[in-house]
Structure formats: C-alpha cells, structure tokens
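Q: Before we look at the details, could you show me how to read the features of a protein model one at a time?

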Amino acid sequence: MGLTPRRILNTGWALFLVLSWTTMLWGAGPTSEGAGIATTGSQPVQINADRLEYQQDREVYLADGNVIVVNGDQRLTADHMTVHPLTGLVQATGNVHLTGPTSEVWGDQLELDINTEAGVVTNGRVHFRQTNTYATGRLMQRFSEDHYRIKEGTFTNCDAKDGETPAWRFTFDDLDLDASDSVAMRGTWFCVLDKPLIPFPTLTYPISYRKSGFLIPQPAYDNRFGIGYRQGYFWAINHSQDLLVTPNYYSKLGYGADLQYRYWLNKQARGEWFLSVLNQQELPNVAGVSPDSADAQRVRALVSGSHVQQVNADLRVSAQAFLVSDPDYLQQLSNSGVLRALPSGESNLLATNRLGNGNLFFLGRYLQPLQSGGSDTFQSLPELGYSLADVSAFGTPLLTGLDTSMVHWYREEGFQFTRAHVMPELSARPWNLGHVLGMTPRARFLEAYYTRGITDETPFDRQTFWGSIDMTSRLSRRYGLEGGQSLLHVLEPKVVYEYVPASPQSQIPQIDGIDDLPKKNLLTYSLHSRLLETKSSGNAFNWLDLTLAQSYHVGAVQTMARDFEPGAIPIYGTTTQPLTPAMTPIQGTRLSDIWVRGLIGNTTPEYIPGYSPLTIDTLSRQYSSLTQYVIVDAFLDPYRGNLTQFNTDWRVQQSNAWYLEIGQRYATGGNRPRRGDIWNPISFNEVYAPTPEVQFVTATGAVRLPYGMTVGGRAYYDVKNNRSPEYDLVGLYQNPCKCWSLGFYYLQFPDRFNAMVVLSLTGIGWTESFGTAVMRQILTPITIGERGLPWGAVGGPYGRPTPMVSPTGTSDR
C-alpha cells in the first residue's frame with residue numbers, strides 16, 4: 001500500500017493500524033493537532049515519511065525517505081525505518097539521529113527496543129548535554145538513555161565541530177559509560193590533538209558531581225620541603241556526606257595525610273571538618289628553626305572545622321574549632337601569611353535561644369596561644385548571658401533594653417576571677433522637630449561585679465553609665481537625566497553628645513570591652529553624603545558614598561595613651577598577658593583628627609558571557625566603558641593641617657578583559673586615633689601611643705591575552721623598609737572551548753617560595769592546593785562563572801551554580 005510523498009497518515013483503516021501499533025510502541029497520548037491517536041494518559045505520536053508500507057504477512061511496517069517519529073520529548077529520524085509491533089523492535093538505518101531529554105545519539109544503524117530503551121548502535125556517537133560528554137564507538141550497546149557499553153572508540157568533554165579534532169580525548173578498546181555515575185575504560189590512551197601521550201591499562205573515575213573516586217594527582221615543589229606529591233580519594237558516602245582523604249609526601253619534610261569531612265544532614269544541621277597530620281622526618285628549612293633541634297622526628301597536626309545545628313525554631317547551636325599540635329605549626333608549615341601571623345587560635349561553642357522578648361546565650365571559648373601568650377593567658381569558662389533590644393515600656397514612647405552576662409576567667413598561672421554584669425538601657429523613639437530634625441536620647445547603666453581586682457583579692461563592683469543624645473537630619477534631592485534616568489543626592493548630618501563618668505579603670509583586669517570603659521565627655525559630628533544613579537531598568541548605582549566625622553573633648557583632654565610597641569611593659573601582668581595595657585604620657589588635644597572615608601565610582605562590573613579576546617586590539621576597542629572606583633580612608637590633623645593616615649584602594653576593570661587594583665597605606669609617626677567603643681562605633685575619644693611611620697603599597701591585576709592566555713600578579717612592597725615581603729605571579733591557558741586549562745603559579749615569601757603547574761580537564765577534575773587558591777583570588781574577577789578552570793569556581797565545572805553539599809547530593813567537587 002503506497003501513499004503520496006510527504007503526506008502525514010491521517011485517514012483510513014491503514015492509518016488506524018499503523019498509528020495504533022506505533023502508539024503502542026512509543027506510548028500513545030491524547031490527540032493533538034496533526035496526526036495521532038488519542039489514548040488517555042500518554043503523549044501524541046506523529047509519523048512523517050515519504051513512503052509508508054505495511055506487510056501483513058510479516059506484521060512489519062516499513063517507512064522510507066526522511067522518516068520522522070515524534071513522541072513527546074523523544075524524536076527519531078532516519079532514512080529508513082522498520083517497526084516490529086509484536087516485539088517492540090525498531091530498526092533504523094541511514095543518518096540515524098535519536099534525541100532525548102538528556103542526550104543525543106547519531107549512527108549508521110540503530111536497533112532499539114521501545115519498551116526497555118535498550119538497543120545497539122553501529123558506528124555511532126553519543127552526547128550528554130549536562131556534562132558536555134562525547135563518546136564514539138564502532139559498536140555501542142545501549143542499556144538506557146544514560147548508560148552505554150562501547151567498543152573501540154573515543155571519549156572527551158571537549159567541544160569540536162564535525163570533522164575537527166578535539167583538544168584532548170581518550171581512545172579505548174572497551175568503555176562502560178553511565179552519565180549518572182562513572183566511566184570505566186580498558187586499553188586506554190590519553191591523547192592531545194589525537195597524539196597518544198599517556199597509556200592507561202584501566203581507568204575509572206566519577207563523571208557525575210559527587211561520586212567516589214581518585215582525584216587528579218598533585219605534584220609540587222617547595223624550596224623548603226622539596227619535591228612533593230598529593231593525590232586524594234573522594235568518597236561520596238551518601239547524598240549529604242562526603243570524605244576526602246589526601247595522602248601527601250615531601251622529600252625534605254616527611255609524609256602524612258589530610259582528611260576533609262563534609263555533611264549536610266538536613267536543613268537544620270550541617271558542618272565541615274578538616275584534619276591534617278604530618279609524620280615529620282626532617283626539620284623544615286625555614287627561618288627560626290635551628291638545624292640542631294632535637295625534635296625533628298615527631299607527629300604534627302592541625303584540626304579545624306565548624307558545625308551548625310538549628311535544634312528547633314528558637315534554639316541554635318554552633319561550634320568552631322581551630323587547634324594545632326604545637327604553637328610553631330603555622331609559622332613553620334603554612335604558606336599563608338594570614339595564618340602565619342595569627343596571634344592565637346580560637347575554638348568556641350555558642351548556643352542561642354530566642355525567647356518571647358530577647359535572646360539567651362551560652363558561650364564556651366578556648367584560645368590557643370600561637371605568636372604570643374602562654375600558660376598565663378586568660379581562658380573563659382562557659383559564659384551565660386541575656387540580651388533584650390528596644391522593647392516598648394508599657395506602651396509608652398520609651399524603649400527598654402538589657403544586656404547581662406556572667407563569666408569566669410581562669411588560667412594555668414596567675415589568679416582567676418569571676419565577672420557578672422548587668423547593663424539596662426533606656427531610650428525614646430526619635431523626636432521629630434519640624435519634620436527636619438530627629439532627636440534621640442539614650443542612657444545605659446552598667447553594674448559590674450568582680451570577685452577580685454588586680455592587686456586586691458577583695459571583691460568589688462563598678463558602676464557607671466553612658467548617656468547620649470543624637471540629632472539627625474536627612475535631606476535629599478533628585479535630578480532628572482535623559483533616557484528616564486535620574487540622580488539622587490542624599491545628605492545626612494548627625495551630631496552626638498556622649499558622657500561617661502570616671503570609674504576605677506586601673507583596678508580592673510581588662511579582658512574585653514566590658515572592662516575597657518574610660519571616661520568620656522565628647523561631642524561628635526558626622527556628615528554622610530550619597531549620590532545614586534537610577535537607571536530606567538530600575539537598577540541603582542552608588543557613585544559617591546562620603547563620610548566625615550570628628551570629635552571634640554568638652555571636658556579634660558587625654559594625658560595617657562596605650563603603648564602597643566613590641567616589648568612595652570604593662571603596669572600589671574606580663575607582655576604576653578597584660579592585666580592593664582602598657583601606658584605612656586602624651587599631650588592630648590580637644591579636637592580629634594578628622595576622619596574621611598569615601599567610595600567614589602561604581603563597584604559593579606558588567607560581565608560579557610563567553611568573552612575571550614583574540615587580538616590585543618580587542619582589549620582597547622571592544623568595550624568603551626570602564627568600571628572604576630576608589631576607596632579613601634584618611635585622618636587629617638586639624639592643628640597641623642597634614643594627613644596623619646592616608647589609605648586608598650583604587651580599582652579599574654574593563655568587563656572580562658582586564659583589571660588593576662592598587663592599594664596604599666601611609667601613616668606618619670605619632671598618635672593613632674582609636675575608632676569607637678562599645679557605646680558608639682563612630683567616635684574618637686582616645687588615641688593610641690605614637691608608633692613609627694608606615695608606608696606600604698599593594699598591587700593586584702590580571703589581563704586576558706590572545707590565544708587563550710590570562711596572566712596576573714599580586715605584590716606587596718614595604719616602602720619604608722625597602723623590601724617586598726611577598727609577590728605572586730600566576731598564568732592560565734584555556735583552549736577555545738574551555739574543555740581544559742593549564743595554570744602556573746609562583747609564590748615568593750621572605751624565607752620560601754612555592755611554584756607548580758596545575759591542570760584541569762573539564763568534567764574530570766582539577767588539581768588544587770594553596771597556590772591554586774592564590775590563582776583563584778587573582779584571576780576570578782575576570783574569569784568568574786567560566787567552566788574548565790583549575791579550581792572549584794562560582795558556576796561549577798560546567799558554568800552552572802552548584803552548592804558545596806546539599807541534601808540532593810550536588811557538589812562543586
């Protein structure tokens with residue numbers, strides 16, 4: 001039975017038979033516009049072909065010429081197609097193309113069981129969209145849409161047009177590919193531009209986001225520790241827990257392992273813990289370590305982590321830990337300047353319970369001395385406290401608050417003491433004077449009880465109060481611009497008067513802000529000015545944010561100041577645990593330095609997705625606008641008219657093309673203003689003792705170059721002492737389709753350097769270390785959201801947002 005070319009079957013008994021059988025095979029559905037058979041609960045089926053024939057004796061349907069079969073989200077095309085309705089077998093030949101929700105298949109021939117989705121493809125290839133995975137093979141056995149067994153073929157995550165050679169791929173004799181799980185290969189070669197480089201008799205690795213398997217090896221070199229090697233094993237315990245075990249070895253130091261455990265048990269409980277253990281065989285070659293030390297062979301370790309538990313709607317518990325086996329651990333072994341400079345490591349446990357009015361908290365804390373401190377360092381037994389903020393007093397305009405706590409301070413050497421304090425607060429809602437000026441009075445009363453003083457073991461109490469009144473106004477004006485845009489200028493002047501009477505400050509062990517409350521008779525003014533641009537799209541950009549502030553001593557001026565010079569001896573206590581700060585005489589002034597802080601410019605760059613310059617000219621002419629801003633933080637001496645401190649951070653960025661950030665720190669030798677206290681964060685009641693002059697410069701930048709290169713660097717320079725404590729150089733090459741990248745970093749410290757090459761194969765993994773983190777910091781501003789980077793980036797390995805660990809089992813690893 002023949003039909004006219006390019007006509008969709010839609011009439012007669014033959015149509016009924018063909019569509020009935022095809023509907024049974026492909027899943028019938030409700031009738032839609034076009035050919036189809038209506039069957040409740042399924043999708044409509046359409047068949048389009050130049051010629052369709054039914055052979056009754058064989059019970060076979062033959063379709064020839066541009067055959068198209070569509071069933072919901074499934075689409076099969078071929079030159080010829082044979083349908084066996086009794087067995088559910090479909091045989092397609094010539095330009096076969098099968099499209100599904102997650103993958104596509106091409107081949108010369110396809111035999112497919114519609115009922116089970118199993119089949120065989122001859123000379124075929126398959127593409128999984130989510131992971132950009134391509135596989136080809138002489139013979140492909142299909143178990144489901146996501147699972148294939150392939151003979152004699154290739155595998156890659158690279159983009160490559162038909163006929164082009166991908167940047168890298170694996171060739172294999174046998175492959176088992178499960179897009180939702182892993183890939184396993186035998187008789188494998190890793191090829192670059194189809195040139196075999198590395199053989200792998202067998203190779204298995206996870207292809208989904210969170211599957212167990214070995215990570216990419218991480219060879220390294222460090223001039224202190226020698227040649228190193230790291231390779232981790234990632235164990236996806238379940239959808240919400242994983243463990244990364246990374247053995248490591250350094251030829252001039254020793255061997256050990258890192259363990260990182262992450263969990264997200266539910267929306268109420270999550271955490272992450274890290275353990276690093278080193279079996280040290282040789283002394284580290286760093287400054288301050290004598291080669292004659294007797295403790296060369298020893299076990300050293302670091303533990304850090306956090307846990308958060310929302311027990312119920314009101315009770316929240318969080319814990320943090322940071323412990324090392326010895327105080328010199330970070331100074332000798334860490335490449336991070338921030339960690340090496342830590343004075344102590346803190347571990348704590350905090351529980352907060354929300355009540356009808358206010359919050360009850362329980363805090364346990366332990367400080368491990370690193371750079372300073374020792375057996376005489378104060379530790380705190382669990383602290384119990386309660387806070388209440390701005391509750392209306394019996395429906396009146398008055399507002400009440402309360403802050404109270406009790407804590408016991410102890411130490412191995414020296415006296416211990418207990419402190420309890422109660423600090424009620426009374427304030428009023430703002431009084432509006434003529435809708436122009438708002439005035440708010442506040443008062444806080446502090447009653448603190450100490451079981452002993454610094455020199456006297458007799459218990460005593462301290463009473464003081466803080467009274468203030470602030471007057472604030474807000475002026476604004478909007479200026480219309482072309483294109484529906486506008487400028488909004490907001491001006492907020494403020495004046496605050498504060499008074500705190502003198503109390504026995506010198507007899508109190510000064511541990512935290514509750515103990516450090518000097519007298520105050522101060523008038524502070526500030527002026528806050530903002531200039532906002534409103535776009536027609538509704539977006540707003542802050543072009544100017546400027547604050548000026550200064551304080552005036554209404555009463556007596558300061559005559560003694562804290563001395564933070566190294567080795568300064570306090571009146572009581574030791575240099576590692578002063579009970580009162582070391583003091584030095586100064587000549588105070590009534591007017592404080594004028595504080596100026598300004599943000600000028602737009603801080604939000606506009607990124608161009610997929611931007612990759614091909615020539616140097618592209619960098620200068622493709623984008624006409626720049627994103628640039630400067631942050632200024634300075635103090636001006638009103639008596640001498642000179643800047644006592646002047647700090648700036650200037651940044652300019654051209655979309656994804658390049659950026660440059662320069663920071664500068666300058667302070668003259670002399671007094672340093674103290675910014676704020678627990679009463680008022682913007683007030684300048686005291687100054688610290690004179691310190692030497694500081695001149696420091698930092699610079700960070702990166703630029704995209706032709707041919708997929710991105711380079712960047714960061715440098716620190718001490719102008720005063722004419723030395724550079726650190727500079728970092730990084731480089732990154734990405735091939736055009738970003739299916740692989742090769743990075744390099746060189747980190748120079750005063751007593752050490754670290755250099756290494758890092759690699760990323762998209763969909764397989766990347767190397768990662770401390771140097772990789774530096775690369776990420778420097779290059780992220782112009783590579784954010786891209787795929788194929790040698791680090792876990794925002795956007796994930798394929799350019800999509802992925803959380804670290806979630807209940808659904810996704811991860812950025």
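The dialogue below goes from the whole chain to its surface, one of its pockets and its salt bridges.

Q: What does the secondary structure of the chain come to, and what kind of model is this?

A: This is a predicted model, and its secondary structure comes to 5 helices and 47 strands.

Q: How much of the chain is buried, and how many of its contacts join residues at least 24 apart?

A: Buried residues make up 45% of the 813 residues in the chain. Among contacts between residues at least 6 apart in sequence, 49% join residues at least 24 apart.

Q: What does the accessible surface of the chain come to, and which residues form a nonpolar patch on it?

A: The accessible surface amounts to about 40,200 Å², and carbon and sulfur atoms account for 58% of it. On this surface, Met-471, Val-495, Leu-523, Tyr-525, Tyr-552, Val-554, Leu-591 and Tyr-639 form a nonpolar patch, whose accessible area together is about 630 Å².

Q: Where does Met-471 lie, and why does it count as partly exposed?

A: Met-471 is placed in strand 29, which covers residues 460-473. Met-471 counts as partly exposed because its relative accessibility is 30%, and that class lies between the buried limit of 20% and the exposed limit of 50%.

Q: How is empty space found, and how much of it lies in the second largest pocket?

A: The general idea is that rolling a probe the size of a water molecule over the atoms shows where empty space is left. In this structure, the second largest pocket holds about 930 Å³ of space. Its lining consists of 34 residues, and those nearest the centre of the pocket are Gln-510, Thr-575, Thr-576, Gln-577 and Pro-578.

Q: Which strands each supply at least two residues of that lining?

A: Strand 23 (359-369) and strand 24 (379-392) each supply at least two residues, and the largest share of the lining, 4 residues, comes from strand 23.

Q: How many salt bridges are there, taking a side-chain nitrogen of Lys or Arg within 4 Å of a carboxyl oxygen of Asp or Glu as the rule?

A: By this rule the count is 27 salt bridges. One of them joins Asp-174 and Arg-186, with the closest N and O atoms 3.1 Å apart. Asp-174 lies in strand 10 (residues 168-178) and Arg-186 in strand 11 (residues 182-192), so this pair ties together parts that are 12 residues apart in sequence.

Q: Are Asp-174 and Arg-186 buried or partly exposed?

A: Asp-174 is buried, at a relative accessible area of 5%, whereas Arg-186 counts as partly exposed at 48% relative accessibility.

Q: Which parts of the chain does the salt bridge between Asp-516 and Arg-562 tie together?

A: The side chains of Asp-516 and Arg-562 meet at 2.5 Å, N to O. Asp-516 is in the loop between strand 31 (486-500) and strand 32 (520-534), while Arg-562 is in strand 34 (residues 560-562), so the pair ties together parts that are 46 residues apart in sequence. Asp-516 is buried, with a relative accessible area of 10%, and Arg-562 is buried as well, with 15%.

Q: Where do the partners Arg-714 and Asp-728 lie, and how far apart are their closest N and O atoms?

A: Arg-714 forms a salt bridge with Asp-728, and their closest N and O atoms are 3.0 Å apart. This pair links distant parts of the chain, with Arg-714 in strand 43 (residues 709-718) and Asp-728 in strand 44 (residues 723-734), 14 residues apart. Arg-714 counts as buried at 15% relative accessibility, and Asp-728 is buried with a relative accessible area of 1%.

Q: Which residues do salt bridges that share partners join into one network?

A: Salt bridges with shared partners join Arg-149, Lys-151, Asp-174 and Arg-186 into one network.

Notes
Residues numbered from 1 in each chain as written. Predicted model: local features only at pLDDT ≥ 70, side-chain atom pairs only at ≥ 80, totals over all residues. Heavy atoms only, no water. Buried < 20%, exposed > 50% of the residue type's maximum accessible area, 1.4 Å probe, protein only. Contact = heavy atoms within 4.5 Å. Areas by Shrake-Rupley, 256 points an atom, 1.4 Å probe, with all protein chains shown as cover. Patch = residues over 30% accessible without salt bridge, like charges linked within 9 Å, V, L, I, M, F, W, Y side chains within 5 Å. 1 Å grid on protein atoms, 1.4 Å probe; cavity = no way out; pocket = protein on both sides within 12 Å on 5 of 7 lines; lining within 4 Å. Points joined across faces, edges and corners; volume = space filled by probe spheres on them.
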